[in-house]
There are 2 protein chains.
Amino acid sequence: MESMQGEVIYPPLANNHISVDCVVIGFDGTQLNVLLVNRHGEEDGLAYHDMKLPGSLIYQDEDLDGAALRVLNELTGVKNIKLMQFRAYGSKNRTSDPKDVHWLERAQQARVERIVTISYLALVKIDRAIDKSLDAHKAGWVPLNDVKRLAFDHNLILTEAMHYIRDAAEVNPVMLFDLLPRKFTASQLRTMFELIYGHAIDVRNFHKKIAMMDYVVPLEERQQGVAHRAARYYKFDRKIYNKNRR
Amino acid sequence: MESMQGEVIYPPLANNHISVDCVVIGFDGTQLNVLLVNRHGEEDGLAYHDMKLPGSLIYQDEDLDGAALRVLNELTGVKNIKLMQFRAYGSKNRTSDPKDVHWLERAQQARVERIVTISYLALVKIDRAIDKSLDAHKAGWVPLNDVKRLAFDHNLILTEAMHYIRDAAEVNPVMLFDLLPRKFTASQLRTMFELIYGHAIDVRNFHKKIAMMDYVVPLEERQQGVAHRAARYYKFDRKIYNKNRR
DNA sequence: GCAAAAGTGTTCGGGTTACACCCATGC
DNA sequence: GCATGGGTGTAACCCGAACACTTTTGC
């Protein structure tokens, strides 16, 4: 689907009825962001540009997970992203907006009927390396609160993805550490939990909780040049986590 | 897919790449059972018969949820089954066994390539009315422990469905009441939880827990003609549940 | 009366909640 | 020195886990 160039040759599609879409969530220390790609087109003689989730029809020689990984790899250059499949969308009218149909057919260069999409979710660190690759693909991070009307049913998919994260994190909160950089402060960690769970967390109780998590290890390093007491950095140690839990 | 008759006319398929499969779990008071349909065929000149999950390719005029509901309605006659979509299966080699391919092509009367299936989960009461309809379709309840090798990747789907139930019930145990008849004893309820969670539950603590759930209301009715102290019946009151929780 | 399952309370410990003040730093 | 966010302890409460004996019924 990432085709505006026209003459690139693509591997054969498995069929034009099945796609994957990826909801990639990143945390910048303050807000949750979602990775979106720009879509340009013309409808009724008027140019428009809006955004969509990264996605693609699936190729003949790949399975669903593979297709989702490929989409993200093409976009970010990253290979080993943890992806969770979370839902299929196949409503008859999800490709009913003529704008969407026309855009697809031009991008796809084929008649498009009904498409079922399998949606994937990834939690990643926002990272300089990724950002460069994103620019090249006219894609970028958009704060969740600033997301406007997206193509297809992608607003729905995004909303349900956020619900899914919340539920999944309830069972296994450790997955959320994928959102954080290698070093993070206690309040970044807390802010992240607050954003996911949607409610404030008591600061003192939160510090107690961190202290109990042996896999969150305090570093000697502290913030530099901030206009207040410098915060300590912590890191997430997956080895310790794997050893003691599960 | 439920076609052994040959001359029945079916509505047009959306395409032959997308299907739904239903994992329907029922509880008989002692064991968990799954609803399976018989599959008959011939391969290399040898007749075989095994079992599969109920499923179907999707028709043009229905969406995914609709297709799953149709499958269950055709099979059981029941209309308002609560279905949860839980995962898509689209591995390239899920239709690699020649036996499966041949069977599908005969049932489908069309060339079959790759099929992505969207799997659904339902928890239902085992019920006389359903059972009659099942006989007519050569389908039936099979205790989970007695499930043999199933068609396609249906063993995988079943296994993952059971995991899914466990996780989902952890967040929202009330969904499990769908498995129970209108009247049930405390030990039936306990047995059900034990089967889902895979471990024994202390009897006294369990009674305390029931007592705290205002939506599990004790009835005056008791078991009849059992060779031990007769157990009290309880019922699940969804109105009370909806009022006080959520 | 005996086998078989139903039903009933108390104690202990760990984890979660609520809550208010001093600390370090840059400007 | 003041504004800004960082960091700390204690008491109350709730919930889950452990644990053993009496009751009712049919045979």
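What follows is a chat about reading the protein–DNA surfaces, a helix pair and the chain contact in a predicted model.

Colleague: Where do I start with DNA strand C, and which residues are closest to the strand?

Modeller: Start with the neighbours. 18 residues surround DNA strand C, and the closest are Lys208(A), Val226(A), Ser187(B), Lys208(B) and Arg232(B). By class, that surface has four nonpolar, six polar and eight charged residues.

Colleague: What share of the strand C atoms within 4 Å of the protein belongs to sugar or phosphate?

Modeller: Sugar or phosphate accounts for 39% of them, and the rest belong to bases. Then go to single atom pairs. Ser187(B) has a polar side-chain atom 2.8 Å from a phosphate oxygen of strand C. On the base side, an N or O atom in the side chain of Lys208(B) is 2.8 Å from a base oxygen, and a polar side-chain atom of Asp202(A) lies 3.3 Å from a base nitrogen.

Colleague: Which elements give two or more residues to that surface?

Modeller: Helix H6 (203-212) of chain A together with helix H6 (203-212) of chain B. The largest share, four residues, comes from H6(B).

Colleague: And DNA strand D: how many residues surround that one?

Modeller: 19 residues, with Arg204(A), His228(A), Arg232(A), Asn205(B) and Arg229(B) the closest. Here Ser187(A) puts a polar side-chain atom 2.9 Å from a phosphate oxygen, while a side-chain N or O atom of Lys208(A) is 2.9 Å from a base oxygen. Don't skip the backbone: a polar backbone atom of Arg229(B) is 2.6 Å from a base oxygen of strand D. For this strand, H6(A) gives the most to the surface, with four residues.

Colleague: How should I read a helix pair?

Modeller: Two packed helices are described by the angle between their axes and the distance between the axes. Take helix H5 (residues 186-197) of chain A and H6(A): the axes come within 11 Å and cross at roughly 105°. Angles from 65 to 115 degrees count as roughly perpendicular, and H5(A) and H6(A) are therefore roughly perpendicular to each other. H5(A) brings Ala186(A), Leu189(A), Arg190(A) and Phe193(A) to the contact, and H6(A) brings Val203(A), Phe206(A), His207(A) and Ile210(A). By class, that's six nonpolar, one polar and one charged.

Colleague: Last one: how much area is buried between chain A and chain B?

Modeller: About 1800 Å², with carbon and sulfur atoms giving 57%. Each side is easy to list: 24 residues from chain A and 24 residues from chain B. On the chain A side, look at Gln85(A), Lys92(A) and Arg114(A), which supply 25% of the area that chain A buries against chain B, more than any other three residues.

Note on methods. Residues numbered from 1 in each chain as written. Chains lettered and ligands numbered in written order. Predicted model: local features only at pLDDT ≥ 70, side-chain atom pairs only at ≥ 80, totals over all residues. Heavy atoms only, no water. Near = heavy atom within 4 Å. Polar contact = N/O pair within 3.5 Å; in protein donor to acceptor, adjacent residues only side chain to side chain. Nonpolar A, V, L, I, M, F, W, Y, C, P; charged D, E, K, R; others polar. Axes fitted to C-alpha atoms, helices over the stretch in contact; angles between N-to-C directions. Parallel < 35°, antiparallel > 145°, perpendicular 65-115°, else oblique. Contact = heavy atoms within 4.5 Å. Buried area = accessible area lost by both parts, 1.4 Å probe.
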